[in-house]
Protein chains: 2
Amino acid sequence: MAVNSPLPVAADLKPVAGIEIGFAQAGIKKPNRKDVLVMKLAPTATVAGVFTLNRFCAAPVQIAKAHLAAAKETGKPVVALLVNTGNANAGTGELGLSLANETCAALASQLGCEPSQILPFSTGVILEPLPAAKVIAGLPQAVAGLQADNWFNAAEAIMTTDTQPKAGSRTVTIGGHTVTMSGISKGAGMIKPNMATMLGYLALDAKVAQPVLDVLVKQVADQTFNCITIDGDTSTNDSFMLIATGAGSLEITSVESPEYRELAAAVTELSLFLAQAIVRDGEGATKFITITVEDAASVAEARKIAYSIGHSPLVKTAFFASDPNLGRILAAIGYAGVDDLDVSKLNLYLDDVWVAKNGGRNPDYQEADGQRVMQQSEILVRVKLARGDQAATVYTCDLSHDYVSINADYRS
Amino acid sequence: MAVNSPLPVAADLKPVAGIEIGFAQAGIKKPNRKDVLVMKLAPTATVAGVFTLNRFCAAPVQIAKAHLAAAKETGKPVVALLVNTGNANAGTGELGLSLANETCAALASQLGCEPSQILPFSTGVILEPLPAAKVIAGLPQAVAGLQADNWFNAAEAIMTTDTQPKAGSRTVTIGGHTVTMSGISKGAGMIKPNMATMLGYLALDAKVAQPVLDVLVKQVADQTFNCITIDGDTSTNDSFMLIATGAGSLEITSVESPEYRELAAAVTELSLFLAQAIVRDGEGATKFITITVEDAASVAEARKIAYSIGHSPLVKTAFFASDPNLGRILAAIGYAGVDDLDVSKLNLYLDDVWVAKNGGRNPDYQEADGQRVMQQSEILVRVKLARGDQAATVYTCDLSHDYVSINADYRS
């Protein structure tokens, strides 16, 4: 059960001109479950992505990166994205690369393109060989079913321990042109800055020059998918892909244009919705916590402190218990690694409640006020450092019994 | 229940000449519980300590550091250590310093010394004012009961969420001199490198010059108390104090002497026992995990990887479930932050089972073998990096339902 369930998944997910979606039940890990997804792109499409920084990055991540680079070099566009759940194809060495390549080759032959024009993605259990034959056996079904109006199925097809699909659509008007965008994402454990067992795909029907899209995907990820954490575990497979199909009338060729800024704002808004949905559906989550660190000397130190709070098991269990044991937040700030932090100037707020004043308990703070806020399902933790004018925000959830149950039983 | 409970607490804890111990039930947080401890030292004693690196270090930590420095400057030795549980006196600002000083002054007046000759320590809940009056009211009882043979009571008096007292004694012969040492420690959450809600006290009856003891305490902590982690939370109050009472016949004046090396080995051995006892009694712990990273380019990178594994909630829940979902260990290695790590040269062993070979699943690895080791209550995770000849070891425990229960209910 996600926080404030059900998640507001749009019932009216919009097709995006220039992208078709098909899926299959390939029985990769469990039967009768959508576990293979194909997203086929118009030849006008540009694609850009950000990937996990985990050194054990999965075979498909390595290949997707290489294929993206090849597309830029050769000018032969990306034709399709291929996603499977049930197996991460990570920690699988040379064999994993070879199996991922086999799936790309199989899809390429069905779509009449080269294997390097396919971007593969996998999510699921690590250190076990990809059942490539099952993935490949599912491809004809997925290809036969390709259609534009398939985003909800796409959202379902990439779920692992997610309890609910995550998807959204937006229509915006930029410079007189209508732009339609739809996106999907999945979590729900191993979520941490710089990607997680996190997959996100967002397509829009504008024409966006490749260098512009490359900038946009990083800018958006930095404000959205890279600001969430569930358990501090960065997965081997995280990817966020931005697809501009080029099928619409808006064309963006420069990051300096006002149209770019408007598009970036709209893509960021939908991406933040998709990223926050991952947290709301975090494994065992019962509360959605926003942590904002303000008046920092740099964004980096603000993020460091925000993540230190967001990763603390003691803080997270206190939220689960609705217990205003707020000293644990101070402790997490203190060990965040900001060595010259002067805690005597620090102030801490829980929503509108001023908890710590100048590094100590605010004399006016009443436990009942803290208790009231802790019982909410959505809580804002605000830290003011008095060191500068920079800030950062991180989104996280609490740590519950169900987190332990889910992760103790994941493979069974 | 600690791992392999009961912990092997020596029934025959040995008095250490030159140190007397008294305690009180002062009702600081709960009635009928030992919560104040006084350790009175012979005038010949030297004392050295290492303290939390948390920027929100507690008022007593700040004062203990200042009083230790004052003792060195003035030559007026430390007369007593004063420990209370039930309240950490952290995140308490100026008021906290003032209340801690009041307790030092009260004990000093009873022992006929200056307040700066008292070292204060507190552990318990953060962000709440120290009930100094209760501590002070307990002092006469503690002072009246001072006696040498009181180590087991000392171990009980510093417990918080610990399920069992942690204490040990050793007698060694160095250079023909008998040295007796006894120590106590407490956990059991907020345990992380560079101290935690961790208190450790070890006294020995040799005479050790102050500069030598200063080196020894750091060297020992680095090999013992700084190698344990339960939840990655570094507390505001951690302290490890080494006391050389000077009451015995051994005298050590140089770190270059063979006697120093023998003493260091003995102190390290007992300290490791006390540190590991904290992990075995970690909040909700059901398994004791030793993580060794070998063939690293530096100790720092070996520790980074060992801690990354030891802090991963996904790894820890897999241990709790006895589930050989060992890809999670690879993922934790991959995001440890060793940027140029070549995972294709990495090997992973679980006890005697070779799990990952050259970055992928070892073809000879059988799930049943992994399963067998995962069911043990004590498990060795061994990572070989093929980058050099440095190594590090970290001790941790699993993450269980009880961890969540204990920390969700801590204050109630």
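Q: How many residue pairs are in polar contact across the interface of chain B and chain A?
A: The rule finds 12 such pairs, both residues at pLDDT 80 or more. A polar contact here is a pair of N or O atoms within 3.5 Å; within protein, one must be able to donate a hydrogen and the other to accept it, and residues adjacent in sequence count only if both atoms are side-chain atoms. This is a predicted model, where local features need pLDDT of at least 70, side-chain atom pairs count only at pLDDT 80 or more, and totals for chains, interfaces and linings use all residues. Side-chain values use heavy atoms, with hydrogens and water left out.

Q: And how many salt bridges across that interface?
A: Zero, taking a side-chain nitrogen of Lys or Arg within 4 Å of a carboxyl oxygen of Asp or Glu.

Q: How do the residues on chain B's side divide?
A: There are 28 nonpolar, 18 polar and 12 charged on the side of chain B that touches chain A. Ala, Val, Leu, Ile, Met, Phe, Trp, Tyr, Cys and Pro count as nonpolar, Asp, Glu, Lys and Arg as charged, and the others, Gly among them, as polar.

Q: Switching topic: what's the strand order in the open sheet of chain A?
A: β10-β18-β13-β17-β14-β15-β16, seven strands with mixed pairing. Strands are DSSP runs (E, at least two residues) numbered from the N terminus, and two pair if DSSP finds at least two bridges between them.

Q: Which are the edge strands?
A: β10 (228-229) and β16 (360-361) of chain A, each pairing on one side only.

Q: What does β16(A) pair with, and in which sense?
A: With β15 (residues 353-357) of chain A, antiparallel, over two bridges. Gly360(A) in β16(A) is the bridge partner of Lys357(A).

Methods: Residues numbered from 1 in each chain as written. Chains lettered and ligands numbered in written order. Helix = DSSP H or I, 4+ residues; strand = E, 2+ residues; numbered from the N terminus.
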